[in-house]
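Student: Could you take me through one part of this model closely, starting from a single residue and working outwards?

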Amino acid sequence: MCIRDRYNSLISSFGRLGNLIGTVGLGFVLNYLPPIVLLIVIVVVAIVGMIVFKLLFIEGKAELRHFTRRIDLKQGKKKAKFKFKLLTSQIFLFFSFSFALYGVIAGLTNPLFSIYGKNVLNLSESLVGTLLGLSQLSFIVISPFVGLLVSKRPNLTYYLLLIASILTTFNLLLFYFYYESVALYATFLFVKNIAQALFFPVIFTIYTFKLPKEHFSLLYSISTTLFFLGYAATSYVSGVLFNINYNLPWLYASIVGILLILSIIVATIYNSKKGEKLQ
């Protein structure tokens, strides 16, 4: 593994920085300004984003690489043929399963954070938005260090995933038992993002170096699609459980977290016995 690991982590951090600004801004907009202001801001940001994309991607080196690739195809230089056995490879199946489980955990809990803070803890929209936004700081700060650590000690990758899963599950269980504490609510948000900083950039790094480069985009897209399918499938369920008892979603997410821990333990043991990453 090389300097790309640090780049992956830095990119993730910048993404979370945008999330932080947007979440905090949303809380204040809903509290002090009419919703139309939010729509205007979204349109302006989208326009700026398209301009930046035009300048940096279409006119930059990335587009040149894609142009060269198209020329190669026209000249008869074919890409490596996709092999369906890649879909049954151990590394792909393991991480796809892990992504799906993480999606279920997110679907059971993420949609409820703002509702929980407002309706259960009686916090204002601006305070909830500020807490949700500032909690992204833990991801922003931790992620570059994770990238640096993985680039120097690649043998730690599976252990980092295990730590991330344990943090996530312990966080959920603690919140389930002590569900009316504002301090714990804030702590929960920060620890959740630390766990994600240990999980997603590490998986992306392993994928980058273990999957065939010519099919990386397709395989990684399938895995992330499973994450969003898990998220979508349980988002509605989270609302149903919340209406029954507002701490039930954390209990069910804890059970899924335990399954995630067990799956990573199995992968870690397999990896240590084989002396190499899943293939």
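**A residue on helix H11**

Tutor: Leu262 sits in helix H11, residues 248–274 (helices are DSSP runs of H or I, at least four residues, numbered from the N terminus). The model is predicted, so local features need pLDDT of at least 70 and side-chain atom pairs 80 or more, while totals for chains, interfaces and linings use all residues. Residues are numbered from 1 along each chain as its sequence is written, and side-chain values use heavy atoms, without hydrogens and water. With a relative accessible area of 47%, Leu262 is partly exposed, a class that lies between buried, under 20%, and exposed, over 50%, for a 1.4 Å probe and protein chains only. Leu262 joins Ile258, Leu259, Ile265 and Ile269 in a nonpolar surface patch of about 410 Å² (residues with over 30% relative accessible area and no salt bridge, nonpolar side chains being joined within 5 Å; a salt bridge puts a Lys or Arg side-chain nitrogen within 4 Å of an Asp or Glu carboxyl oxygen; areas are Shrake-Rupley values).

Helix H6, residues 125–134, offers another view, because 7 of its 10 residues are buried and it is therefore largely enclosed by the rest of the structure. The buried residues of H6 are Ser126, Val128, Gly129, Thr130, Leu131, Leu132 and Gly133.

Key
Patches are made of residues with over 30% relative accessible area and no salt bridge: like charges are joined within 9 Å, nonpolar side chains (Val, Leu, Ile, Met, Phe, Trp, Tyr) within 5 Å. Accessible areas come from the Shrake-Rupley method with a 1.4 Å probe; for residues, only the protein chains shown count as cover. Helices (H or I, at least four residues) and strands (E, at least two) are DSSP runs, numbered from the N terminus.
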